[in-house]
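Work through the exercises below with the sequence and the 3D structure in view. Try each task before reading its solution.

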Amino acid sequence: MLAPDNNRQDIDEQEIVDEALTSRRSVRAFLPTPVDDETVKDILRVAARAPSGTNMQPWKVYVVTGDKKQALSDAILNSGVRAEKATWDEYRYYPDQFFEPYLTRRRAVGFALYSLLGIGRRDTDRMRAQHDRNFVFFDAPVGMIFTIDRRLNQGSWIDHGMFLQSIMIAARGRGLHTCPQAAFAPYHRQIRPLLGIPDEEIVVCGMALGYEDESKPENSLRSERAPLDEFVTFVR
């Protein structure tokens with residue numbers, strides 16, 4: 001853990017923080033090893049130190065495990081609503097039409113994942129099956145559904161994103177991995193009644209939490225990041 005401010009010389013804080021950030025990635029296959037409730041609570045308690053405008057803390061979390069998690073998965077997978085036909089009627093995550101450089105980046109990571117899994121570009125059934133693994137939280141023992149009050153504005157969504165990142169970094173500090181999953185958002189009609197989510201809350205995303213299954217090929221994926229000169233401008 002990080003040293004107190006008055007004892008920083010005893011530990012390389014930069015290395016610890018950088019490792020937590022750079023080792024965070026979207027894991028798509030988890031072991032069945034349980035994660036106890038106290039560990040989940042600790043992660044959420046630490047992550048709740050994320051900044052928010054005027055300390056509004058605009059996040060809600062619904063944690064699902066065991067039978068409830070299975071019921072949630074079943075409700076979505078048995079809904080008859082295919083992912084490619086799902087309606088994003090609460091908010092739009094992606095643009096209606098992808099454009100550069102975002103189109104190339106999106107395709108690159110998709111092709112890389114499917115290549116690791118031996119899925120061809122025309123193998124739509126296997127692509128769909130892989131996408132459906134979102135809805136079983138990639139077999140993670142813990143699933144989380146995140147919501148936000150629909151009356152809030154864009155600034156609170158930024159705050160919510162910082163909370164999500166904080167959860168993922170806190171998980172790494174405990175040897176756990178995560179996968180944030182926007183795929184759940186269009187299925188709010190299936191999710192709401194099961195979790196008792198009120199109408200004034202928008203389902204933002206889900207997240208899988210657990211221990212990585214290192215034997216699975218999809219977990220060898222390392223997505224590329226653009227070099228600094230593509231997104232940084234120093235103005236002097």
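The exercises cover salt bridges, aromatic pairs, surface patches and the backbone.

This is a predicted model, in which local features need pLDDT of at least 70 and side-chain atom pairs count only at pLDDT 80 or more, while totals for chains, interfaces and linings use all residues. Residues are numbered from 1 along each chain as its sequence is written, and side-chain values use heavy atoms, with hydrogens and water left out.

**Exercise 1.** Find the salt bridge of Glu212 and state which parts of the chain the pair ties together.

Solution. Start with the criterion: a salt bridge is a side-chain nitrogen of Lys or Arg within 4 Å of a carboxyl oxygen of Asp or Glu. The structure holds 14 of them. The partner of Glu212 is Arg25, with 2.9 Å between the closest N and O atoms. Next, locate both residues, using helices (H or I, at least four residues) and strands (E, at least two) as DSSP runs numbered from the N terminus. Glu212 is in the segment after β4 and Arg25 in the loop between α1 and α2, so the bridge ties together parts 187 residues apart in sequence. Finally, check the cover: buried means under 20% relative accessible area, exposed over 50%, and partly exposed in between (1.4 Å probe, protein chains only). Both Glu212 and Arg25 are buried.

**Exercise 2.** Compare the two ends of the salt bridge between Lys60 and Glu201.

Solution. The N to O distance is 3.4 Å. Lys60 belongs to strand β1 and Glu201 to strand β4, so parts 141 residues apart in sequence are tied together. Lys60 is partly exposed because its relative accessible area is 45%. Glu201 has 6%, so this residue counts as buried.

**Exercise 3.** Describe the geometry of the aromatic pair Phe135 and Phe184.

Solution. Rings of Phe, Tyr and Trp (its six-membered ring) pair if their centres lie within 6.5 Å; planes under 30 degrees apart are stacked, over 60 edge-to-face, and the rest tilted. Twelve such pairs occur in the structure. For Phe135 and Phe184 the centres are 5.5 Å apart and the planes make 85°, an edge-to-face arrangement. Phe135 sits in the loop between α5 and β2, and Phe184 in the loop between β3 (177–181) and α7 (188–195), 49 residues apart. Phe135 is buried at 1% relative accessible area, and Phe184 is buried at 0%.

**Exercise 4.** Identify the nonpolar surface patch that contains Phe234.

Solution. A patch takes residues with over 30% relative accessible area and no salt bridge; like charges are joined within 9 Å, and nonpolar side chains (Val, Leu, Ile, Met, Phe, Trp, Tyr) within 5 Å. Areas come from the Shrake-Rupley method with a 1.4 Å probe, and for residues only the protein chains shown count as cover. The members are Leu228, Phe231, Val232 and Phe234, together offering about 450 Å² of accessible area. Phe234 lies in the segment after β4 (201–210). With a relative accessible area of 64%, Phe234 is exposed.

**Exercise 5.** Locate the cis peptide bond before Pro101 and the positive phi of Thr54.

Solution. The bond from Glu100 to Pro101 is cis, with omega near 5°. Pro101 is placed in the loop between α3 (66–77) and α4 (102–116). Thr54 is not a glycine, yet its phi is positive, about 50°. Thr54 occupies the loop between α2 (37–47) and β1 (60–64), and its relative accessibility of 74% makes Thr54 exposed.
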